[in-house]
Amino acid sequence: MTEPTVLVATAGAVRTITLNRPAALNSFTAAMHGELLPALQQAADDKAIRALIITGSGRGFCAGQDLMDPAMTGDVDVGAVIERCYRPLATRLRTMPVPVIAAVNGVAAGAGANMALCCDFVLAARSASFIQAFSKIGLVPDCGGSWLLPRLVGRARALGLAMSGDKLPAEEAERIGLIWKCVDDAALMDSAQALAAKLCLMPSRALAETRRLLDSAMAMDFGDAITQEADTQRELGRAGDFAEGVAAFFAKRPPVFRDR
Ligand code: T3D
């Protein structure tokens, strides 16, 4: 029987998706794209899920495109691969209705690194690393990397990482603001679970709107950003979670948020 290329597990309101091609450092094949995107969609559609963790099996997180997969390499239109596989993947991650945590257990290279950066929180094991491997094979950053990198670390560092293709250790990635946090290897999954458990208790809809606001405000002037804040607060102000949050505050009890 063929092994699934992604493993899906649910514990309470936390869904964990594990990339499962450890012998090739969980690099993307057409088959893996064919399983990963539906798994993300299922997590998005399932109203019982309130946080998502993505991690890798074995010693790697994801080494980007599988350079041996005949369905995606050789005489193929690489632009079409981006449109067919990486645009939907990056877009799905950036618009999930729940927070997404990348638990980066090992090397994250090429589109694997940028898939992690598409997530809301990147928690990395101390031994993990990030490589913009594209320049080494004559390509440019994809899976949203050209947009994400300069916004996360500024133009100078983004260019340095993307042009050099150098390996960036997790501690350094945290120091320059590329990722949220670096933790000891043995603590990675417990830390990811603890963060997911905390996020599950928070107002999912407001968190998703927070991401949308921060991303779109980057291309706005100050006034338009405030207009966007007003429009969003107007909507959220009418929603159940706001009423619940305020009621819980005055009742001195923990809130029970339900909107998604
Ligand atoms: O269609 C398109 O091409 C467009 C899309 C592009 C998106 C992209 O992601 S382009 C970038 C593709 N990724 C890379 O170029 C990274 C290639 N891998 C590496 O540079 C290194 O493997 C790492 C730095 C990530 C890790 O190095 P190391 O020394 O820890 O491991 P290793 O020995 O190189 O790899 C272990 C095995 O995984 C090895 O197989 P083997 O020899 O044990 O049978 C290696 O061939 C395999 N592997 C690693 N990365 C890939 C891979 N196999 C296929 N594709 C890979 N990307």
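Helices (H or I, at least four residues) and strands (E, at least two) on this tour are DSSP runs, numbered from the N terminus. The model is predicted, so local features need pLDDT of at least 70 and side-chain atom pairs count only at pLDDT 80 or more, while totals for chains, interfaces and linings use all residues. Residues are numbered from 1 along each chain as its sequence is written, and side-chain values use heavy atoms, with hydrogens and water left out.

**Stop 1: the sheet**

Select the open sheet of six strands, ordered β1-β2-β3-β5-β7-β10 with mixed pairing. Two strands pair here if DSSP finds at least two bridges between them. At the edges you'll find β1 (6-11) and β10 (181-183); each has a single partner strand, so one side of each is left without a neighbour in the sheet.

Now zoom in on β1 and β2 (residues 14-19): they run antiparallel and are joined by six bridges. Pick L7, and you'll see its bridge partner in β2, T18.

**Stop 2: N26**

Move on to the loop between β2 and α1 (30-45), where N26 is found. Its phi is positive, near 55°, though N26 is not a glycine. N26 has 0% relative accessibility, so it counts as buried (buried means under 20% relative accessible area, exposed over 50%, partly exposed in between, with a 1.4 Å probe and protein chains only).

**Stop 3: C143**

Next, go to the loop between β8 (129-131) and α4 and click on C143. Here is another non-glycine residue with positive phi: C143 is near 55°. C143 is buried too, at a relative accessible area of 4%.

**Stop 4: helix α5**

Select α5 (residues 155-164) and colour its buried residues, A158, L161 and A162. They cover an arc of only 90° around the axis, which puts them on the same side of α5; the arc is that of the directions from the helix axis to the C-beta atoms. What do the buried residues of α5 pack against? Show α4 (145-153) and β9 (167-169), and there are the partners, with contact meaning heavy atoms within 4.5 Å.

Flip to the face turned away from the buried side for the exposed A156 and M163. Just after α5 comes G165, with a positive phi near 65°.

**Stop 5: the lining of α7 and α8**

Finish with α8 (204-217), which supplies six residues, the largest share of the lining of the largest pocket. Add β7 (121-125), α4 and α7 (188-200) to the selection: these three and α8 each supply at least two lining residues. A pocket, on a 1 Å grid over the protein atoms alone, is an open set of points where a 1.4 Å probe fits, with protein on both sides within 12 Å along at least five of seven lines, and lining residues have an atom within 4 Å of a point.
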